[in-house]
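Open the structure in your viewer and keep the selection tool at hand. The stops below say what to select and what is there.

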Amino acid sequence: MPAVTVRLGAATASLLISTPPLRPRERRAPPAAAAVGAGVLLRSVLATPGPRGPLPAMAQTHDAFSPPASEERVEIMNKHGERLVGLLHNTGSNKIVVLCHGFIATKSDSLILDLASALTKKGSSAFRFDFSGNGESEGQFEYGNYRKEADDLYSVVLYLYQKNYDVTAVVGHSKGGDVVALYASIYDNVRTIVNLSGRFDLNKGIEERIGEGSIDRINKEGYLDIKDKFENFNYRVTKESLMERLNTDMHAASVSIFKECRFLTVHGSADTTIPVDDAYEFAKLIPNHKLHVIEGANHNYTAHRKEVADAVVDFIMTNGGGDTASPRVEWPLHTV
């Protein structure tokens, strides 16, 4: 592999080699259901309480006319032969929303749990899962992995369509917000996309996350091991995974999203992890876009859970997510 040098300016890492950009309007046709490896159910068992204990209060409450959804553990094979582990919240409705976690998080992140609760209270089924290399799913954790995670999401969506669910929306938080935007630029098979606090410029925020001078060290040594405050190993950032992040072009992805896709970006005005300016960049480029800024909210909406849940659920329900809304979308949709 040729030597690669990355230099970071005041707030922006710039790549000093030329790599092929994401081509606008790139599409991948879905394989025939009989031949696909992705989306094959390995086994499905009733979920048991995990080690994290009881769900937060918001995730346990239900409307008087909406009984609690049943929960079912599901394992899906991705295109790399890795098991993706998810939890299906089944309300009895075939309309379902897929929830995607962020960086070094899992399907059991409290924000994901609260969104699943808010959706099921409105009668929609929900599916939350761990990307490969995260949580219970198989695979190697990678710092970048945006394209692979978009492919993981494709495996999940295909599986749900094969099980006769109508995937009315996909929702992603933080890195998951970038993944769902990238997904929408590649596959035209979900009509509603929700990006919560995603980063627009992936050249930014690197050294703030993994340490000052880390990019130079990765260029010199080929990798960097990230440790917690107790000096315990957390994860490894390789030069390859760093390059994958730097070469993921959200500008190209944004302009490639088909105009029929309804896209919502939600961001907190007090987000210090990813500035709200990134949300405005998405809003400038995505054709059919709505921006919702929550005043005072941080990156995880710690004190604004109801506001973010209401914004997400209202957008989905008014765009085909309710049981009495538009007819089911048949697979595939606008895929060429």
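Start with the second largest pocket: select Arg199, Lys204, Gly205, Thr273 and Ile274, which lie nearest its centre among 24 lining residues. A pocket here is, on a 1 Å grid over the protein atoms alone, an open set of points with protein on both sides within 12 Å along at least five of seven lines, and lining residues have an atom within 4 Å of a point. This is a predicted model, in which local features need pLDDT of at least 70 and side-chain atom pairs count only at pLDDT 80 or more, while totals for chains, interfaces and linings use all residues. Residues are numbered from 1 along each chain as its sequence is written, and side-chain values use heavy atoms, with hydrogens and water left out.

The space in this pocket is about 430 Å³, a volume being the space filled by probe spheres set on grid points joined across faces, edges and corners. Its lining has 11 charged, eight nonpolar and five polar residues. (Asp, Glu, Lys and Arg count as charged; Ala, Val, Leu, Ile, Met, Phe, Trp, Tyr, Cys and Pro as nonpolar; the others, Gly among them, as polar.) Next, colour α4, α5 (206–210) and α9 (277–285), each of which supplies at least two lining residues. The most come from α9, with three. Helices are DSSP runs of H or I with at least four residues, and strands are runs of E with at least two, numbered from the N terminus.

Stay on α4 (residues 175–186) and add α3 (residues 146–162): their axes come within 9 Å and cross at roughly 70°. Axes are lines fitted to C-alpha atoms over the stretch in contact, with angles from 0 to 180 degrees between N-to-C directions. The two helices are therefore roughly perpendicular, a label for 65 to 115 degrees. Among the residues in contact (heavy atoms within 4.5 Å) are Leu153 and Val157 of α3 and Val179 and Leu182 of α4.

Now select Glu149 and Lys175, which help line the second largest cavity together with others including His101 and Phe141. A cavity is a set of points where a 1.4 Å probe fits but cannot get out. This one holds about 30 Å³ of space.

Key: Parallel < 35°, antiparallel > 145°, perpendicular 65-115°, else oblique.
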